[in-house]
Amino acid sequence: GSRYFLRLIGLYALIAILVVLGFLLLIVPGLIFIRRYFLAPYFLVDQDMSIHESMRESAAVSKDHAKSIWGIIGVYVIIALPTVIPLFGSILSAILQTFYSCAAALRYDELIAYNADGN
């Protein structure tokens, strides 16, 4: 995994810059960027792509499956809500995030299999 470290740092930095700029440009572009590049780290590591290639592939795959991507993001947001409760909320949220941490990788795997079947 260490051979992907610098590319992942670059990918996350570029996505963060795009999302922040998107939020500064009326919020909607930031939300679009979140959905488009949500799967980019999985493409980068799984298929050994460059930063640009992984972002392009993530945007292409997530375009037709936006609802399933937003479903994962929505659950992440719901899991983060208990953190407003002091101490207990943070512990509960950490436990829930641990259980749900593989959801994005599973969605990536499902979408790759779906696209490989030619659907």
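Which residues in α2 meet A66, I69, W70 and I73 in α5? Keep in mind as you look that this is a predicted model. On the α2 side, you'll find L31, I34 and R35. Sorted by type, the residues of this contact come out as six nonpolar, no polar and one charged.

Now look at how these two helices sit. Two packed helices are described by the angle between their axes and the distance between the axes. For α2, which covers residues 28-36, and α5, the axes come within 10 Å and cross at roughly 100 degrees. An angle of 65 to 115 degrees counts as roughly perpendicular, so that's what we call α2 and α5.

Let's stay with α5, which runs over residues 66-80. Here's a neat check you can do: at 1.5 Å a residue, its 15 residues should span 21 Å, and the end C-alpha atoms are indeed 21 Å apart, so the two agree.

Next, which residues of α5 are buried? They are S68, I69, I72, I73 and I79. These cover an arc of only 140 degrees around the axis, which means they sit on the same side of α5. Turn to the face pointing away from that buried side and you'll meet the exposed residues K67 and I78. And what covers the buried residues? The cover includes α2, α4 (51-63), α6 and α7 (103-116).

Take α7 from that list. The axes of α5 and α7 come within 10 Å and cross at roughly 175 degrees. Since an angle over 145 degrees counts as roughly antiparallel, α5 is roughly antiparallel to α7. In this contact, S68, I69, I72 and Y76 in α5 meet A103, A104, R107 and L111 in α7. The residues here divide into six nonpolar, one polar and one charged.

Two single residues are worth a stop. G74 lies in α5, and at 29% relative accessibility it counts as partly exposed, because that value falls between the cut-offs of 20% and 50%. Along the sequence, G74 and R35 are 39 residues apart, yet in space they are 11 Å apart, C-alpha to C-alpha. R35, remember, is one of the α2 residues that meet α5.

The other stop is S93, in helix α6 (residues 88-100). Is S93 buried or exposed? Its relative accessible area is 2%, so S93 is buried. Leaving aside neighbours within four places in sequence, S93 is in contact with I79, A80 and T83. You've already met I79, one of the buried residues of α5.

Technical notes. Residues are numbered from 1 along each chain as its sequence is written. This is a predicted model: local features need pLDDT of at least 70, side-chain atom pairs count only at pLDDT 80 or more; totals for chains, interfaces and linings use all residues. Side-chain values use heavy atoms; hydrogens and water are left out. Helices (H or I, at least four residues) and strands (E, at least two) are DSSP runs, numbered from the N terminus. Buried means under 20% relative accessible area, exposed over 50%, partly exposed in between (1.4 Å probe, protein chains only). Contact means heavy atoms within 4.5 Å. Axes are lines fitted to C-alpha atoms, for helices over the stretch in contact, and angles run from 0 to 180 degrees between N-to-C directions. Angles under 35 degrees count as roughly parallel, over 145 as roughly antiparallel, 65 to 115 as roughly perpendicular and the rest as oblique. Ala, Val, Leu, Ile, Met, Phe, Trp, Tyr, Cys and Pro count as nonpolar, Asp, Glu, Lys and Arg as charged, and the others, Gly among them, as polar. The expected span of a helix is 1.5 Å times one less than its number of residues. The arc is that of the directions from the helix axis to the C-beta atoms.
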